[in-house]
Amino acid sequence: MGYSSFSASSMSVLALVVLLFCSSTQLSSAQVTVLSSPSGPAGSSKVNLTLYYETLCPYCSKFMVNHLPKIFENGLIDIIDLRLIPYGNAKLSADKVITCQHGPNECFLNTVEACALHVWPALDKHFNFIKCVETFVDNNQRSQWGSCFSKLGYEEEPINQCYNSGFGKQLELGYAKVTGDLKPPLEFVPWVTVNNLALKDEYENFQTYVCNAYKGTKPAACQGQQMDITPAAKSNQMLEVTFMDEKTPTTKIMSPTPKARRQMKF
């Protein structure tokens, strides 16, 4: 099995499903057209929640496994359009070669997950698969990611075809463009936006931002959220992120105000 990337021309605020167009004889750069699921339970517009990540970033995996599933458990997903962008801190050369921060294995899994998003556009299906893969990554068992197919009862062949045909790379090229077009630009991963607002250091508080952004009647899941989104100074709080320019495999602690920021270098 092999994997590649996606090329996107645009990404709107309320998108859930990506439609990709190819030539009849060869793959062209994938174009993105978005279909919306615009309304929450009361008819109000859903909140756009987007996670920009890379598959072998340990903090991305932890966020995917330990934080994102909560919105499915507490029902907050009913007011959210969730989008996953598996590219992160990768770099794109002038001749469209993608170099991933954690090496070829990360490029491979980025493309696998890009293919999963395309092959299984239904949120519950692609999220379950990606969460399964990232659980193995989080448990330092990434070589076992392929068992997610049998574990979930998913067919492997569509993902193989997406990767081996080169279409996966076109997907990743698209995600490269979407990530590169971010304003403000991506600084680290995981990078979370709510209605295009970059949460930066506050990414773990994404549920509070979602609840504040929703214009309809607040669901029960919002009742337990601290609605003040002003960061509180906590000297013992660690923020775990991976910066784009980090190269060496060491960890150091910095202590900016109000939070301490842990940087893992690769």
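Is the disulfide of C115 and C162 left-handed or right-handed? Keep that in mind as you open the viewer. What you have on screen is a predicted model.

**Stop 1: C115 and C162**

Select C115 and C162. A disulfide joins the two, with an S to S distance of 2.1 Å. Now look along the S-S bond. The torsion about that bond is about -80°, so this disulfide is left-handed. That settles the opening question. Next, color the helices around the pair. C115 sits in helix α3 (residues 104-119), while C162 sits in helix α6 (residues 157-164). The two cysteines are 47 residues apart, and their bond links distant parts of the chain.

Turn on the surface. Are these cysteines buried or exposed? C115 counts as buried because its relative accessibility is 0%, and buried means under 20%. C162 is buried too, at 6% relative accessibility.

**Stop 2: where α3 meets α7**

Stay on α3 and add helix α7 (residues 167-180) to your selection. Their axes come within 9 Å and cross at roughly 95°. That crossing makes α3 roughly perpendicular to α7. Rotate the view until you can see the cross.

Which residues make the contact? From α3, select N110, T111, A114, C115, L117 and H118. From α7, select F167, G168, K169, L171, E172 and Y175. You will recognize C115 from the previous stop: it is in the disulfide with C162. Now color the contact by residue class. Six of its residues are nonpolar, four are polar and two are charged.

**Stop 3: C100 and C107**

Move to C100 and C107. A disulfide joins this pair as well, with 2.1 Å from S to S. Which hand does it have, left or right? The angle about the S-S bond is 110°, and the link is right-handed. Check the surface again. C100 is buried, with a relative accessible area of 9%. C107 has 17% relative accessibility and also counts as buried, because the cut-off is under 20%.

**Stop 4: C211 and C222**

Select C211 and C222. Their sulfur atoms lie 2.1 Å apart and form a disulfide. The torsion about the S-S bond is about -90°, so this disulfide is left-handed. Where are its two ends? C211 is in helix α8 (residues 206-213). C222 is in the loop between α8 and β10 (238-243). The partners are eleven residues apart, and the pair links distant parts of the chain. Both ends are hidden from the surface view: C211 is buried at 0% relative accessibility, and C222 is buried with a relative accessible area of 5%.

**Stop 5: the whole pattern**

Zoom out and show every cysteine. How many disulfides does a search of the whole structure find? It finds four. Number the bonded cysteines of the protein chain in sequence order. The pairing then reads 1-2, 3-6, 4-5, 7-8.

**Stop 6: C57 and C60**

End with two cysteines that are outside this pattern. C57 is in no disulfide, and its nearest cysteine sulfur belongs to C60, 3.0 Å away. C57 counts as buried, at 0% relative accessibility. C60 is in no disulfide either; the nearest cysteine sulfur to it is that of C57. Why is there no disulfide here? A disulfide needs sulfur atoms within 2.5 Å, and these are 3.0 Å apart, so the pair does not count as one. C60 is buried as well, with a relative accessible area of 2%.

Note on methods. Residues numbered from 1 in each chain as written. Predicted model: local features only at pLDDT ≥ 70, side-chain atom pairs only at ≥ 80, totals over all residues. Heavy atoms only, no water. Buried < 20%, exposed > 50% of the residue type's maximum accessible area, 1.4 Å probe, protein only. Helix = DSSP H or I, 4+ residues; strand = E, 2+ residues; numbered from the N terminus. Axes fitted to C-alpha atoms, helices over the stretch in contact; angles between N-to-C directions. Parallel < 35°, antiparallel > 145°, perpendicular 65-115°, else oblique. Contact = heavy atoms within 4.5 Å. Nonpolar A, V, L, I, M, F, W, Y, C, P; charged D, E, K, R; others polar.
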